[in-house]
Amino acid sequence: MRVLIDTRLLPVLVVAVIVVVLPLFFPSAYYFRVGALVFIFALAVVGLNLLMGFAGQVSLGHAGFLGIGAYAVAIGPVHFGVPSWLCLFIGAIISGAVAFAVGRPILKLKGHYLAVATLGFGLLVAIVLTNEANWTGGPDGMNVPTLTLLGWRVHGSDAWYWIAGATFVVGFLLALNLKESPTGRALQAIHDSEIAARVLGIDVARKKLAVFTISAVYASVAGSYLALFNGLITPDAAGFLNSIELVAMVVLGGMGSIFGSLVGAAVLVVLPQMLTVFHEYEQALLGLIVMVFMIFLRKGIVPSLAGVLSGWRK
Amino acid sequence: MTILEAEGLSIGFGGVRAIDGVNISIAAGQVFSIIGPNGSGKTTLLNLVSGIYTPQDGAIRFSGESVTGFPPDRLARRGLSRTFQNLQIFSQMTVLQNVMVGRHRHERTGILADLVHWPSVARQNKTTRDAARASLARVGLVDAADRPAGSLDYGALKRLEIARALASEPKLLLLDEPAAGCNPVETQDIDQVIRSLVKDGITVVLVEHDMRLVMNISDRVHVLARGKTLAEGTPQQVRANAEVIEAYLGVHGSQEAAHARA
Amino acid sequence: MAELLQFVFSGLTVGAIYALVALGFTLIYNASDIINFAQGEFVMLGGMTTVFAALAGVPLPLAALIAVAVTTGVGLALHRFAIEPARGASSVVLIMITIGASVFLRGVAQIVFDKRFHSLPPLFGNEPFRWGGAAILPQSLVVLAGAAVIVVLLWLFIERTLLGKAVIATAANRLAARLIGVNTRRIIEFSFAVSAAIGAVAGILITPIALTSYDVGTLLALKGFAAAMLGGIGSPLGAVVGGLVIGMIEALSAGYISSSYKDAAAFLIILVVLVAMPQGLFGRVKVERV
């Protein structure tokens, strides 16, 4: 008799359960806010993980796409009167298009060249957002009008907790689907040996571009949510530090581990909330985390734990 | 039927002519071996034919159609596959997954379908898995299917690469030193595998140093020296060729080659 | 005409700094195939350490010396504690390590120093002198002269000393160098130390003109890397030429097009180089052996 639930989908179920059950433990509304932020960042991290963990391509400018999505839901309603929910889609499309355009030349690059090119891209987005003050409000940023869905004003930490949580579950599912599919295998192959992948008929350039575009869309949606949730957006959202924070989340949770994306995001969102002095030490700590994990714990938390557990089982 | 021909193939790196005006013509269903001293350009020739290098001069035709300058993935889609001298295994994936990647050009789902996991994707995964297992069976690696590829020993990894290349159902398979670093038992296994490929109508191009294997299995042998063709013919002809003996086989080597049939 | 001359001069000045950063990249890359993203932080540390030492009452020349020594120490520590343990790792991992190091150094600088902009007194006063109608700061000439001296010294060292030969050998073929007795680990360590020192000197020279703060490193690294790429990664001559060219393009685009987008010039150059001539002006095309 076949199992009712595909075991492949088990991790998604676990995550969905976490999302639903967690609020039972929340002592106050403040925790909804933290939870929402965790799921928002985790969404962006899943996308970045597809790029870095699966396909093995470094991106140091991913916050740029976050910024595009974030400003789309600010500029659209404020300057063009377009409803926020539509701007979310438009932002995602713009991010995807930008990723497609920028990705074509720069994904031909390997290793450090690609890293620098993505770094430059992120910085460029931040520069544009800072300079075009007429549209973006300049370095101080701009207010983001509240999202209205069918007459209902979406605001408040609990509303966004559920929206972000649900979206994360969907994003998680899509990524998991990708992993167990011809495209996913092709991406992992590209990661391990591009030349062998090509020899087997994989159009490496096209696959890299596809995953780059997908990861940009993930980041864009996350950015839009962030802006709508906070009601305010500044160019820092697209800045270098944010890009590094995303990378640190990937590295921490485990490159290539989709579940690890949640762990990485959780740690780096919750930690600053717990240590109020964190803000001072944030950069130093981020840098330290990336270094230490890359030197000693290359697989990241989740795969390392999984390795330890399966070692016990034997 | 000629499955592959190349005329006037040339390429140089930084002033060194690695391959200089080489012509080859390979008939379908043969085992065609390329031999020569180290540095004679064997792997370079293979890289030219498999699209990894673009020739600076010359033309290549595959099944009668011009493929000069085609990149590896385009050639793969026409039925050309290869293995690598220094092993390009997907070490983070399992043995089975490695071979499943080999099925890529026969897989029919697109990226959006993959994201959403239509039923067609689940079906595709199953078909691919089954075909990959069959490929593994041909090289005797089915039992290792779920092990991480990096955990196999050297000889097994060489066979894995062959299984992976096989999975793409090539018409022409280029093997780059498949027996390098293998002990006599492993080399025998490779010999058997190649014979079974030929029986299925696959044309095999072999770059090898192991003279026993080459002389035993080849229909034609092409000798390279310093980027140029030195000789070509049947194994017996090449073995007896004085120039080849002097440049490559040496007296001992030609004796070893003579003993291959013994 | 006077305006053009002005831009050219400021372009050459800042370009000299980019050239030194690029040179630092090149040194380390040649010895070890690693791109050290923390290169920009060496420049930052040179300037900031001098500033704070001076603020603590140390006479300026000594403060500068201390800054160079400290930065060199940081370079050595970076190699010993971050790069060495990860020897043999894939380039993705090494990139991330040096990026982590760069962010870490920024973060530490933020805590140890502060977040404000700082300056240093110029070597020959603030009074610009006129040449062809352009106003040129004496410090500009100091920067150019200093950079030139460093380049010449480096060249002499590489060409004329045994240790220099060892560096070239390591750059050409690390395994072969080891086989002939070169201690490649020491050479790589040495390259980090020299890169750090060069970066520190560059930072000290440019601070009177461009100011310094804890986060100047990132953009500097980006531009220095763009310069190294433009010149052809691995070519010291290319690094210098690339740096000057980028400085000039930046100054000219700031002057004639838009000053708020001058930082974008470097990024656009990277894109163009990568698409049109990935090996740069003086670089060799690398062939992947399979």
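Here are some worked exercises on how the chains, domains and helices of this predicted model meet.

**Exercise 1. Which helices of chain A supply at least two residues each to the side that touches chain B, and which gives the largest share?**

Start with the whole contact: chain A puts in 24 residues and chain B puts in 32 residues. Next, go through the helices on the chain A side. Those that each supply at least two residues are α7 (157–179), α8 (182–192) and α9 (194–199) of chain A. Now pick out the main contributor: α8(A) has the largest share, with nine residues. To finish, sort this side of chain A by class, and you get 11 nonpolar, eight polar and five charged residues.

**Exercise 2. How do the axes of α2(A) and α10(A) cross, and which residues make the contact?**

Find the two helices first: α2 covers residues 29–54 of chain A, and α10 covers residues 204–230 of chain A. Their axes come within 8 Å and cross at roughly 165°. Angles over 145 degrees count as roughly antiparallel, so α2(A) is roughly antiparallel to α10(A). As for handedness, the crossing of this pair is left-handed.

Then look at who does the touching. From α2(A), the contact residues include A:Ala36, A:Ile40, A:Phe41, A:Leu51 and A:Phe54. From α10(A), they include A:Val211, A:Phe212, A:Tyr218, A:Leu226 and A:Phe229. A:Gly47 of α2(A) and A:Ser215 of α10(A) take part as well. By class, the contact between these helices comes to 20 nonpolar, two polar and no charged residues.

**Exercise 3. Where are the two domains of chain B, and how many residues of each are in contact?**

Begin with the domain assignment. Domain 1 of chain B is made of 1–79 + 170–262, while domain 2 is 92–169. Measure between their C-alpha centres and you should get 27 Å. Now for the contact itself: 12 residues of domain 1 meet 11 residues of domain 2 in chain B.

Stay on the domain 1 side for the next step. Here α2 (72–77) and α7 (184–199) of chain B each supply at least two residues. The largest share, five residues, belongs to α7(B). Sorted by class, this side of domain 1 has seven nonpolar, two polar and three charged residues.

**Exercise 4. How many residues of chain C are in contact with chain A, and which helix of chain C gives the largest share?**

Count each side: 34 residues of chain C touch 36 residues of chain A. On the chain C side, α4 (91–112), α9 (217–231) and α11 (262–276) each bring at least two residues. The largest share comes from α4(C), with 17 residues. Split by class, the chain C side holds 25 nonpolar, seven polar and two charged residues.

**Exercise 5. At what angle do α5(A) and α4(C) pack, and which residues meet?**

This one follows α4(C) across to chain A. Its partner is helix α5 (residues 111–131) of chain A; the two axes are 9 Å apart, and the packing angle is about 45°. That angle makes α5(A) oblique to α4(C). For the handedness, note that α5(A) passes α4(C) in a right-handed crossing.

Last step, the residues. α5(A) offers A:Gly111, A:His112 and A:Ala115, which meet C:Ser91, C:Val92 and C:Ile95 of α4(C). Grouped by class, that gives three nonpolar, three polar and no charged residues for this helix pair.

How values were computed
Residues are numbered from 1 along each chain as its sequence is written. Chains are lettered from A and ligands numbered from 1 in the order in which they are written. This is a predicted model: local features need pLDDT of at least 70, side-chain atom pairs count only at pLDDT 80 or more; totals for chains, interfaces and linings use all residues. Two residues are in contact if their C-beta atoms, placed from the backbone, lie within 7 Å. Helices (H or I, at least four residues) and strands (E, at least two) are DSSP runs, numbered from the N terminus. Ala, Val, Leu, Ile, Met, Phe, Trp, Tyr, Cys and Pro count as nonpolar, Asp, Glu, Lys and Arg as charged, and the others, Gly among them, as polar. Axes are lines fitted to C-alpha atoms, for helices over the stretch in contact, and angles run from 0 to 180 degrees between N-to-C directions. Angles under 35 degrees count as roughly parallel, over 145 as roughly antiparallel, 65 to 115 as roughly perpendicular and the rest as oblique. A crossing is left-handed if the near helix is turned anticlockwise from the far one by less than a right angle, and right-handed if clockwise. Domain bounds come from an automatic or database domain assignment.
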